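Got your viewer open? Let's take a walk through this protein together, one selection at a time.

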Amino acid sequence: MLKCRTVWKKLAPLARSSSTVCRQNVRRAGLNNGRIPACVPAAHMSTGPAGGGRETQLYILLVGAACVGGGLYAYRTVTGDQKRYQQRIDEIAARQNKRAAGELATLVQSEAPAVEATETEAVAEPAPEAAPSPEPEAAPSSEEPSPLAPDAEVAASTETTETPPGDSSPAILKVPSHAPYLLIGGGTASFAAARSIRARDPGAKVLIVTDEPDPPYMRPPLSKELWFSDDPSVTETLRFKQWNGKERSIYFQPPSFYISAEELDSAENGGVAVLSGKKVVHMDVRGNKVKLDDDTEISYDKCLIATGGVPRNLQVIERAGEEVMKRTTLFRKIEDFKSLDKVSRNIKSITIVGGGFLGSELACALGRRSTESGLEVIQMFPEKGNMGKVLPEYLSNWTTEKVKREGVKIISEALVKAVVCKDDKLEIQLKDGRLVKTDHIVAAVGLEPNVDLAKSAGLEVDSDFGGFRVNAELQARSNIWVAGDAACFYDIRLGRRRVEHHDHAVVSGRLAGENMTGASKPYWHQSMFWSDLGPDVGYEAIGIVDSSLPTVGVFAKATAKDTPKAATEQSGTGIRSESETEDTATSPVASSSPAPAMVQHQDEYGKGVIFYLRDKVVVGIILWNVFNRMPIARKIIKDGEEHADLNEVAKLFNIHDD
C-alpha cells in the first residue's frame, strides 16, 4: 500500500496537467466552431486534423510519456524493495545460525524483535516472518496443533514466538490455571480414571499432576519380567518380553498420546495432559483449587486423589545413619529398578528384608541372576515361610522351598535388631543373635498410603486400614474422589477395605472416572491380584486372603499348561487382569470329572484352589497355577453364600481336567 501511494504522488501532477490541457482544448474548439459560418468556402477550410491539431499530438505524447515513466518507476521501486527485503531475511538467518552455533544456552535479544523470534535450535532454511519449529522426536497427537518438544525438554527449553524487549531470561512452562478434571498422582489409578473420563465424555480436558518425571506406567514388570530380559539396555528402553514371548513397554501410552499442559485450555477436542515433576502440597476444598510445590495454583471442577503410597522402611535402618541408608533400596519406582539393577551387577551380596509379594518376586528374580554372576542373594523375614501372611502354612513352606531352588538363601523367623556399617560391609544383627553380612539391603516391608493432603483438605484418614476414607462410590466430598492404594473404601460385599494391587488400581480408577462423570456406581466388581515366582509358578487371588482365616484347599496334579508362561500364551497378555471381563462368569459349568477328597498336607502342590472363610462364607480365593478362571471366583464371592461342600465348588474351576 505504501509503494502504490508513493507512485501515485509522483504521477498525480502529470495527470492533473494533462486534464487541464484537455479541458482547454475542448473549450477552444467550441468557441471557434461558434464563430465559423455554416457554409465556408473550401479554400478557407483547415487542412490539418480536427480538434486542435498540434496541441492534440502534444497531449497524446505527454500522456504516453507519463505512463511509460510511471511504469518504469514502479518497476524499479518494486525490484529494489524485493532486493532489500531478501537482504534483510538473509541477515536475520545469518544471525540465527550464528547464535545457534555459539550460544545455544542463552537467549539473545534481537535488533528487530517484531520479526526475529528467539530460537533454541538452528534450522537450515527458515521461513520468512515466522519462527521455525524443531523436528519432533515422537509423532504428535492428532489433537495437537503443532509439534511438541520431548517431555524431558519442555520445561528447560520452551520456545516463544517473540522475546519481550529487555528480557533475556528463558521462558517458563505455562501451567494451566484451571482443569475441569484434575487428577493428583500419575500412577495406574490416574491413568485408568483419565481413560474412563474420556470414554464417557469425549471432549473432556484432563490434567494429571505427578511428582515423577515419567508418564503413567505399570509397576508389576519392575519386580517381574524386566529382570528376566536378555536386553542389556532394558533399563533404558523399559521394554520387556512377557512369558509368552511378546514384547511391550511398561508405559501405558507413548508420549504422542498426551497433549501439552500448555495446550489444555485451547484444545478443541479436549485431551489428557501430564504435568510431570510437580507435587500438589496444599488443597483448598472450599475454593476448589490446589497449590503446587512452586506456589502455582490450579482450580478444578472435579478432582481425583490417586497419590498411591510410599515404601516403608525399618526404623532400625533409618536410625543406622547415612552410610547405611545409602546402601538401602526402597523399591517402588522406575528409578529404584534402574538403581537396583546397577547395584546388583557391581556387588557380591544382597539381602532382601521382607517375605511378601514384592520381596519374594525380587528374591526369585535376583536368584536367577546369581547363577550367572555369582551374586549371593539372601531373603529374611519374620514369618516361617514366604508369603506367610497370605498363604496357609503348608503352602507357604512349599513356596519357600521353591524360592530356595531359585538360588536364594532363606533366613526365616528373622527380626532385625540393628544394622551397622563395618569394614565396608553391612552387618545385620538379628534379635536371636544371628549376624548377616551383606553389601546392600532391599527393604520390602510394605507400603504406607500417601495421605499428606488430608490435613489441608480436611479429609478423613481411616485409623484401622490407613488411607483416605471414602464411600462405596469412592467419594470423599461432593467433587473429590480417591482411588488406588490411597483409598480406604467401603466394599458392599466385604466391608471396609484398602487394597494395594495393580488390578485394584485399574478397577478403582475406572470406577472413580465413571462417577466423576455422573455414573454414581458403587464398588462391587472385585479386583484381583497375582504374583509370579518366575515363569513356572504363579497364582491369582481375589477378595480377603489372610492366612489367619480358616482355609480349605483342593489340589490336583499340574500339567505343562499350568504355568504363568502357558497362561499368557493363551490369553495373549502379560498383565493377566487385562483379559478379564465382568460378565464372563454368569453360569459356570462344573467339571464332570470326579474330585478326590480334599488334601491339605501333601508334598506336591501342582495346581489348586484355596478358599478363605469368614463365618463359613467364602470371602477370598487363591487360584494356584490355575489361570483364566477369575470370573468364576468373582461370582462365588459376589453371591456370598454358605457352601456345605467346597470340594463341589472347586469342580467349577475344572482343575481335574487335563
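Before the first stop, one bit of vocabulary: a residue counts as buried when its relative accessible area is under 20%. Keep in mind, too, that what you are looking at is a predicted model.

**Stop 1: a helix on the inside**

Select residues 630-639, which form helix α15. Is this helix mostly buried or mostly exposed? Of its 10 residues, 7 are buried, so the rest of the structure largely encloses α15. To see them, colour M630, P631, I632, A633, R634, I636 and I637, the buried residues of α15. Here is a handy rule for looking at helices: an α-helix has 3.6 residues a turn, so residues three or four places apart point the same way.

What do the buried residues of α15 pack against? Show α13 (502-516) and α16 (646-650), then add the strands β24 (528-532), β25 (538-543) and β28 (617-624); the buried residues of α15 pack against each of these. Now step just past the end of α15 to G640, where phi is positive, about 65°.

**Stop 2: zoom out**

Switch to a cartoon of the whole protein. You're looking at 16 helices and 28 strands. There are 658 residues, and buried ones make up 46% of them. Take the contacts in the protein with a separation of 6 or more: 69% of them are between residues 24 or more positions apart.

**Stop 3: the nonpolar cores**

Select L207, I621, W624 and F653. In the largest nonpolar core, which has 132 residues, these four touch the most other members. Which element gives this core its largest share? That's β28, with 6 residues. There is also a second, separate core of 15 residues, and V316, M380, V419 and L426 are among them.

**Stop 4: two parallel pairs**

L207 takes us to strand β2, so to speak: select residues 205-210. Here 5 of the 6 residues are buried, so β2 is largely enclosed by the rest of the structure. Add strand β1 (residues 178-184), which pairs with β2 in the parallel sense over 4 bridges. Which residue of β2 is the bridge partner of L182? Look for L207.

For the next pair, select strand β12, residues 376-380. With 4 of its 5 residues buried, β12 is also largely enclosed by the rest of the structure. Its parallel partner is strand β11 (residues 349-353), joined to β12 by 5 bridges. Pick out S349 and you'll find E376 of β12 opposite.

**Stop 5: a three-stranded sheet**

Now show β14, β15 and β16. They make an open sheet of 3 strands in the order β14-β15-β16, and the pairing is antiparallel. Which strands stand at the edges? They are β14 (416-422) and β16 (435-438); each has a single partner strand, so one side of each is left without a neighbour in the sheet. On average, neighbouring strands here are turned by 20° against each other, direction ignored.

Zoom in on strand β15 (residues 425-430), which is joined to β16 by 4 antiparallel bridges. L426 has T438 in β16 as its bridge partner. While you're there, turn on side chains: in a regular strand they alternate between the two faces of the sheet.

**Stop 6: a buried arginine**

Select R497, which sits in strand β23 (residues 495-497). R497 has a relative accessible area of 9%, so R497 is buried. What does the side chain of R497 make a polar contact with? Its partner is the side chain of D491, at 3.0 Å. Beyond its neighbours within four places in sequence, R497 is in contact with several residues, including C488, F489, Q526 and I544.

Stay on C488 for a moment: its relative accessibility is 0%, so C488 counts as buried. C303 is at 0% too, and so counts as buried. How many disulfides are there? The count comes to 0.

**Stop 7: a few backbone details**

Jump to L474, in the loop between β19 (468-469) and β20 (475-477). L474 is not a glycine, and yet its phi is positive, about 65°. At 0% relative accessibility, L474 counts as buried. N654 is not a glycine either, but has a positive phi of about 55°; look for N654 in the segment after α16.

Last selection: G271, in strand β5 (residues 271-276). G271 is buried, with a relative accessible area of 2%. Draw a line from its C-alpha to that of I259: the two residues are 12 apart in sequence and 6.4 Å apart in space.

Definitions and conventions
Residues numbered from 1 in each chain as written. Predicted model: local features only at pLDDT ≥ 70, side-chain atom pairs only at ≥ 80, totals over all residues. Heavy atoms only, no water. Buried < 20%, exposed > 50% of the residue type's maximum accessible area, 1.4 Å probe, protein only. Contact = heavy atoms within 4.5 Å. Disulfide = S-S within 2.5 Å. Polar contact = N/O pair within 3.5 Å; in protein donor to acceptor, adjacent residues only side chain to side chain. Core = buried A, V, L, I, M, F, W, Y, C linked by side-chain atoms within 4.5 Å. Pairing = 2+ DSSP bridges. Axes fitted to C-alpha atoms, helices over the stretch in contact; angles between N-to-C directions.
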